[in-house]
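Work through the exercises below with the model in view. Try each task before reading its solution.

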Amino acid sequence: MEIRTVFASNLKMHRRMRGLSQEELAHQAKIDRTYISALERCLYSASIDVVDRLAEVLEVEASDLLVRPSSTRQST
């Protein structure tokens with residue numbers, strides 16, 4: 001699974017778990033709502049600064065937004 005897909009999935013999951021709409025998340029993170037939508041649809045890649053701002057609003061670590069599901073992790 002590509003990291004952009006992983007990020008999109010985790011972003012959407014954490015946003016929903018917090019009970020936030022895309023608009024509410026965008027407002028709190030000072031990001032345009034259409035950008036949140038594009039991130040969740042894998043149309044754009046987020047900068048590390050945007051990942052950090054989103055994680056802050058979602059009250060998770062930035063790394064939590066980049067964690068691959070355990071079933072798709074590759075062993076080293």
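A nonpolar core is a set of buried Ala, Val, Leu, Ile, Met, Phe, Trp, Tyr and Cys residues joined through side-chain atoms within 4.5 Å. Keep in mind that this is a predicted model.

**Exercise 1. The core**

Task: Find how many residues the largest nonpolar core has, and which elements give two or more residues to this core.

Solution:
- Step 1. Count the members. The largest nonpolar core has 17 residues.
- Step 2. Pick out the residues with the most contacts inside this core. They are Phe7, Leu11, Leu25, Leu54, Leu58 and Leu65.
- Step 3. Assign the elements. Helix 1 (3–17), helix 2 (22–29), helix 3 and helix 4 (48–58) each give two or more residues.
- Step 4. Look for the main contributor. Helix 4 gives the most, with six residues.
- Step 5. Recall the general trend. In soluble globular proteins, nonpolar side chains tend to be buried together.

**Exercise 2. Two leucines**

Task: Decide whether leucine 11 is buried or exposed, then list what leucine 11 and leucine 65 touch, leaving aside residues within four places in sequence.

Solution:
- Step 1. Place leucine 11. This residue is found in helix 1.
- Step 2. Apply the cut-off. Buried means under 20% relative accessible area. Leucine 11 has 0% relative accessibility, so it counts as buried.
- Step 3. List the contacts of leucine 11. Beyond its sequence neighbours within four places, they are Leu25, Leu39, Glu40, Leu54, Leu58 and Leu65.
- Step 4. Turn to leucine 65. With residues up to four places away not counted, leucine 65 touches Val6, Phe7, Asn10, Leu11, His14, Val51, Leu54, Ala55, Leu58 and Val60.

**Exercise 3. Helix 1**

Task: Check the length of helix 1, then say which of its residues are buried and what covers them.

Solution:
- Step 1. Work out the expected span. Helix 1 has 15 residues, and at 1.5 Å a residue they should span 21 Å. The rule multiplies 1.5 Å by one less than the number of residues.
- Step 2. Compare with the model. The end C-alpha atoms of helix 1 are 21 Å apart, which agrees.
- Step 3. List the buried residues. In helix 1 they are Val6, Phe7, Ala8, Asn10, Leu11, His14 and Arg15.
- Step 4. Name the cover. It includes helix 2, helix 3 and helix 4.
- Step 5. Look just past the helix. Glycine 19, just after helix 1, takes a positive phi of about 70°.

**Exercise 4. Charged pairs**

Task: How many salt bridges does the structure hold, and where do the partners lie?

Solution:
- Step 1. Count. There are two salt bridges.
- Step 2. Take arginine 15 and glutamate 40. Their closest N and O atoms are 2.6 Å apart. Arginine 15 is in helix 1 and glutamate 40 in helix 3, 25 residues apart.
- Step 3. Check burial. Arginine 15 is buried, with a relative accessible area of 8%. Glutamate 40 counts as buried at 10% relative accessibility.
- Step 4. Take glutamate 59 and arginine 18. Their side chains meet at 3.2 Å, N to O. Glutamate 59 lies in the segment after helix 4 and arginine 18 in the loop between helix 1 and helix 2, so the pair ties together parts 41 residues apart in sequence.
- Step 5. Check exposure. Glutamate 59 counts as exposed at 58%, while arginine 18 counts as partly exposed at 40%.

Key: Residues are numbered from 1 along each chain as its sequence is written. This is a predicted model: local features need pLDDT of at least 70, side-chain atom pairs count only at pLDDT 80 or more; totals for chains, interfaces and linings use all residues. Side-chain values use heavy atoms; hydrogens and water are left out. Buried means under 20% relative accessible area, exposed over 50%, partly exposed in between (1.4 Å probe, protein chains only). Helices (H or I, at least four residues) and strands (E, at least two) are DSSP runs, numbered from the N terminus. Contact means heavy atoms within 4.5 Å. A salt bridge is a side-chain nitrogen of Lys or Arg within 4 Å of a carboxyl oxygen of Asp or Glu.
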